[in-house]
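Got your viewer open? Load the model, keep the sequence panel handy, and let's take a walk through it together.

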Amino acid sequence: MDSFVELYRAANVLEANAVKGALEHDGILVRTLGEALGGAAGELPMESQEIRLLVEQQQRDKALQVLRRYQQSLAPWPCSDCGEQNDGHFEICWRCGAEPEA
Ligand SMILES: [Zn+2]
């Protein structure tokens with residue numbers, strides 16, 4: 001019954017809540033684990049606030065899509081027509097109206 005798998009590791013509570021909100025908006029059940037990871041290999045010792053997001057196994061594929069969309073929505077994109085840097089939440093170039101390349 002308990003078939004949760006790790007989806008993502010957020011660097012802090014704010015990021016974890018933002019990602020969790022995006023997932024829950026799409027109807028995905030999310031669990032968070034906030035315990036500090038005790039110096040596992042490759043972990044930064046300062047990142048004691050790291051939050052792990054878990055989703056149900058059968059929702060993992062959908063959750064990954066939501067996660068990817070969320071991350072793309074944050075990344076600035078350069079306009080291929082005029083070269084302007086657009087914030088991720090713009091769907092078209094604010095300067096010339098061109099759409100980003102898929
Ligand atoms: Zn443009």
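We'll begin with the whole chain, move into the core, visit a few single residues, and finish at the metal.

**Stop 1: the whole chain**

Before you click on anything, keep in mind that what you're looking at is a predicted model. Switch to a cartoon view and colour by secondary structure. You should find two helices and five strands in the protein chain. Now trace the ribbon from the N terminus: the elements come in the order β-α-β-β-α-β-β.

Next, turn on the surface. The accessible surface of the protein chain is about 7,000 Å², and carbon and sulfur atoms own 51% of that. How much of the chain is buried? Of the 102 residues, buried ones make up 28%. One more number before we zoom in: take the contacts in the chain with a separation of 6 or more, and 50% of them come from residues 24 or more positions apart.

**Stop 2: the nonpolar core**

Hide the surface and select Leu7, Tyr8, Val19, Leu23, Ile28, Leu53 and Val55 as sticks. The largest nonpolar core has 16 residues, and these are the members that touch the most other members. Which elements give two or more residues to this core? They are strand E1 (4-10), helix H1, strand E3 (51-56) and helix H2 (60-74).

Stay here and centre on Leu7. Skipping its neighbours within four places in sequence, Leu7 is in contact with Leu23, Leu53, Leu54, Val55, Arg60, Ala63, Leu64 and Leu67. Try showing those eight names as sticks too, so that you can see who surrounds Leu7.

**Stop 3: Val13 in helix H1**

Select Val13, which sits in helix H1 (residues 13-25). Is Val13 buried, partly exposed or exposed? With a relative accessibility of 38%, Val13 is partly exposed, because that class covers the values between the buried cut-off of 20% and the exposed cut-off of 50%.

Now add Ile51 to the selection. Val13 and Ile51 are 38 residues apart along the chain, yet their C-alpha atoms are separated by 6.6 Å. Not counting neighbours within four places in sequence, Val13 makes contact with Gln49 and Ile51.

**Stop 4: Gln59 and Lys62**

Jump to Gln59, in the loop between E3 and H2. Gln59 has a relative accessible area of 19% and is buried. Again leaving out sequence neighbours within four places, Gln59 is in contact with Gly27, Ile28 and Leu29.

Then move along to Lys62, which lies in helix H2. Lys62 is partly exposed, at 40% relative accessibility. What does Lys62 touch, not counting residues up to four places away in sequence? The residues are Asp26 and Ile28. So Ile28 turns up in the contacts of Gln59 as well as in those of Lys62, as long as you set aside sequence neighbours. If you want a distance to draw, go from Lys62 to Gly27: the C-alpha atoms are 9.8 Å apart, with these positions 35 residues apart along the chain.

**Stop 5: the zinc site**

Time for the metal. Show the zinc ion as a sphere and select Cys79, Cys82, Cys93 and Cys96. The SG atoms of these four cysteines coordinate the zinc ion, at 2.3 to 2.4 Å. Along the chain, the donors follow the spacing C-x2-C-x10-C-x2-C. Why is the arrangement called tetrahedral? The angles between the four donor atoms around the zinc ion run from 104 to 117°, and that makes it tetrahedral.

Look at two of the cysteines in turn. Cys79 belongs to the loop between strand E4 (77-78) and strand E5 (85-86), while Cys96 is in the segment after E5, 17 residues apart from Cys79. Cys79 is buried, at 5% relative accessible area, whereas Cys96 is partly exposed, at 41%.

Now select residues 77-96. The UniProt record, an unreviewed entry, places the feature "domain: RanBP2-type" there. This stretch is 0% helix and 20% strand, and its end C-alpha atoms are 14 Å apart.

**Last stop: Ser80 and Glu101**

Finish with Ser80, in the loop between E4 and E5. Ser80 is partly exposed, at 44% relative accessibility. Add Glu101, from the segment after E5, which is exposed with a relative accessible area of 67%. The C-alpha atoms of Ser80 and Glu101 are separated by 7.4 Å, and the two residues are 21 residues apart along the chain.

Key. Residues numbered from 1 in each chain as written. Predicted model: local features only at pLDDT ≥ 70, side-chain atom pairs only at ≥ 80, totals over all residues. Heavy atoms only, no water. Donors = N, O, S within 2.8 Å, 3.2 Å for Na, K, Ca; no water. Tetrahedral: all angles 85-135°; square planar, octahedral: opposite > 155°, others 65-115°. Helix = DSSP H or I, 4+ residues; strand = E, 2+ residues; numbered from the N terminus. Buried < 20%, exposed > 50% of the residue type's maximum accessible area, 1.4 Å probe, protein only. UniProt positions renumbered as here; feature names shortened; annotations may be inferred. Contact = heavy atoms within 4.5 Å. Areas by Shrake-Rupley, 256 points an atom, 1.4 Å probe, with all protein chains shown as cover. Core = buried A, V, L, I, M, F, W, Y, C linked by side-chain atoms within 4.5 Å.
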